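Here's a quick tour for anyone meeting this protein for the first time. Have a look at the model, then read on.

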Amino acid sequence: MRKLLVLALVGLAAQLVDGSLGMAYGLTSSTLLLLVGVAPAAASASVHLAEIGTTLAAGVAHWRFGNVDWRVVTRIALPGAIGAFAGATLLSSISTESAAPWMAGILFTLGAFLLVRFARPLRTDRVGGRLRGRFLGPLGLVAGFVDATGGGGWGPVATPALLVSGRMEPRKVIGSVDTAEFVVAGAASVGFLIGLGTEGFLLPIVGALLVGGLIAAPLAAWLVRIVPAQLLGAAVGGVIVLTNARTLIRAAELDGPVPPVLYVLLAAGWVAALVLAVRALRRTRRDQAAAAAAAAATVGVSPAPEVVSAGLSSADTPAAH
């Protein structure tokens, strides 16, 4: 019972992160499942089965709010499903000893990516135009494969790539990626079912993750309005990096003074990323205040105090829409 409670908290924490950043449910939950000793393939399989429910709910919500570009969904979901099925088949075919460092390496890389991405100012400018299928297809294929083999990664790979293109509104990027993930999670689950059988899905874990995620959904909607995505992304990235570094260090059989030195260097990098994130956040706040003041001056109205002093919450950033 205690373990199920812990797993429900894992699902809750993962959904809070995902709801605030628009990504990283699988990334966070898989990292925490590996930390408590769940086998890599079983962790990824269970996370993806739980994601069928969470992504369905998220997709319906985004559709109702008009956050879905169905053209993008149809062009990214099918390649993503193919990549996820292939990744699940690969992960199911290798031993736990081999899978653990592989999965930890992918999660470590994605965590480092989050650190770098959120240590810089988040892009808010947009350019018109349409995303081409020759870009969306390979993106979906790679993101789906990484997602299944790493236990997470669909959002961290697909969402930033679409945001950087500058050709979609941030809210539609998140809505379309979340909606397409339902198909990806289903394809990965089928791949794990064929590769591992029904015993590969740890149903108590699936249920606990799902319950925790559903409980966290309204909390995430509240959190997204008050917690800066810039800081949350850097904080989560550091946790994922340090957690998976332990598995990689063990797999490399490093001993003596090397592991402590590596941990210190990684922790220092994490602190540096947080400092840069704070600076980027403050700079964005100043730019927003200046823009509000300039806009008010053009119409001869003083900007409201709350506009000038308001901080950039995660609802104001591309990653949260």
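A residue counts as buried when its relative accessible area is under 20%, as exposed when over 50%, and as partly exposed in between (1.4 Å probe, protein chains only). By that yardstick, 47% of the protein's 321 residues are buried. Keep in mind that this is a predicted model, where local features need pLDDT of at least 70, side-chain atom pairs count only at pLDDT 80 or more, and totals for chains, interfaces and linings use all residues. Residues are numbered from 1 along each chain as its sequence is written, and side-chain values use heavy atoms, leaving out hydrogens and water.

**Overall build**
- The protein has 12 helices and 0 strands (DSSP runs numbered from the N terminus: H or I of at least four residues for helices, E of at least two for strands).
- Take the contacts (heavy atoms within 4.5 Å) with a separation of 6 or more: 84% of them link residues 24 or more positions apart.
- About 14600 Å² of the protein is exposed (Shrake-Rupley method, 1.4 Å probe), and carbon and sulfur atoms supply 69% of that area.

**Helix α11**
- Helix α11 covers residues 258-298, and its 41 residues should span 60 Å at 1.5 Å a residue (1.5 Å times one less than the number of residues).
- The end C-alpha atoms of α11 are 60 Å apart, which agrees with that expected span.
- The buried residues of α11 include P259, A273, L281 and T284.
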